[in-house]
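Reader: I am in my first year and would like a close look at a single part of this model. Please start with one contact between charged side chains and work outward from there.

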Amino acid sequence: MEAPLAQLPTSLLRLADLPSRKPTTFDLTPTTDERKAIAQLLHIVALKKLRFTGELTPQGRTDWTLTAKLGATVVQSCVVTLDPVTTRIDQKVRRSFIAGMVHPDSEEEVEMPEDDTSEPLGSHISPQEVMVEALALALPQYPRKDGVSLGESVHAEPGVAPMRDE
């Protein structure tokens with residue numbers, strides 16, 4: 001089976017082809033089929049809307065900064081009832097692509113940077129991959145339908161007084 005993200009058209013920006021003194025803009029609005037593939041990849045019920053707009057700006061001679069706005073309407077299952085829960089996500093995204101930074105998958109032992117928006121610079125940058133990653137990080141971890149609570153679960157052996165949260 002083909003990976004869901006592989007079904008999407010690529011949005012790779014080859015750095016050697018980009019202007020080195022001015023920003024390069026992008027505007028990604030995935031189609032219905034592309035949103036279905038992303039929803040499948042992220043294990044969510046549906047992705048009603050998705051737009052990722054921004055720019056890639058050179059920083060000095062070798063580094064690049066991606067700044068963008070992520071807008072999405074997602075449908076997830078409620079963690080209590082499994083009913084659909086719709087959430088609107090509007091978020092600013094920033095990534096710095098740094099030359100000479102060691103890739104986390106390499107065999108070398110490296111210290112984790114304090115800035116978690118920094119990534120190693122390669123020959124290409126994919127706004128599409130940044131979009132999907134940013135969406136995954138922005139998703140509510142425990143979506144819950146309005147007015148629904150987990151309640152209290154009380155368990156004890158017969159004849160024993162159960163412990164309560166209080």
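Author: The side chains of Asp90 and Arg88 meet in a salt bridge, with 3.0 Å from N to O. The model is predicted, and the distance is computed from it. The two partners do not fall in the same class of accessibility: Asp90 has a relative accessible area of 58%, which is over the 50% cut-off, so Asp90 counts as exposed. Arg88 has 45%, which is between the cut-offs of 20% and 50%, so Arg88 counts as partly exposed.

Arg88 also leads to another residue. Lys49, which is found in strand 3, touches Arg88. Leaving out residues up to four places away in sequence, the other residues that Lys49 touches are Arg35, Gly71, Ala72 and Thr73. Take Arg35 from that list: Arg35 and Lys49 are 14 residues apart along the chain, and their C-alpha atoms are separated by 7.7 Å. Lys49 itself is exposed, because its relative accessible area of 54% is over 50%.

The salt bridge between Asp90 and Arg88 has company, since the whole structure holds four salt bridges. Another one joins the side chains of Arg51 and Asp27, at 2.5 Å from N to O. Arg51 is in strand 3 and Asp27 is in strand 2, so this pair ties together parts of the chain that are 24 residues apart in sequence. Both partners are partly exposed: Arg51 has a relative accessibility of 44%, and the value for Asp27 is 44% as well.

One more of the salt bridges is formed by the side chains of Asp83 and Lys145, with 3.1 Å from N to O. This pair links distant parts of the chain, 62 residues apart: Asp83 is in the loop between strand 4 and strand 5, and Lys145 is in the segment after helix 2. Asp83 is partly exposed at 29%, and Lys145 is partly exposed at 36%.

Now turn from charged side chains to aromatic rings. The structure holds one aromatic pair. Its members are Phe26 and Phe52, whose ring centres are 5.5 Å apart. The planes of the rings are 35 degrees apart, which is neither under 30 nor over 60, so the pair counts as tilted. Phe26 belongs to strand 2 (residues 24–28) and Phe52 to strand 3 (residues 46–59), and the two are 26 residues apart. Strands 2 and 3 are thus linked by this pair as well as by the salt bridge of Arg51 and Asp27. The accessibility is not alike, however: Phe26 and Phe52 are buried, whereas Arg51 is partly exposed.

Phe52 brings us to the inside. The largest nonpolar core has 29 residues, and the members that touch the most others are Phe52, Leu66, Leu70 and Leu135. At least two residues of this core come from each of strand 2, helix 1 (32–42), strand 3, strand 4 (63–77), strand 5 (84–98) and helix 2 (127–138). Strand 4 gives the largest share, six residues. In soluble globular proteins, nonpolar side chains tend to be buried together.

Leu135 shows how far such contacts reach along the chain. Apart from neighbours within four places in sequence, Leu135 is in contact with Ile38, Leu42, Leu47, Leu50, Leu70, Ala72, Val74 and Ile89. Ala72 in that list has come up before, as it is also touched by Lys49.

How values were computed: Residues numbered from 1 in each chain as written. Predicted model: local features only at pLDDT ≥ 70, side-chain atom pairs only at ≥ 80, totals over all residues. Heavy atoms only, no water. Phe/Tyr/Trp six-rings, centres within 6.5 Å; stacked < 30°, edge-to-face > 60°. Helix = DSSP H or I, 4+ residues; strand = E, 2+ residues; numbered from the N terminus. Buried < 20%, exposed > 50% of the residue type's maximum accessible area, 1.4 Å probe, protein only. Core = buried A, V, L, I, M, F, W, Y, C linked by side-chain atoms within 4.5 Å. Contact = heavy atoms within 4.5 Å.
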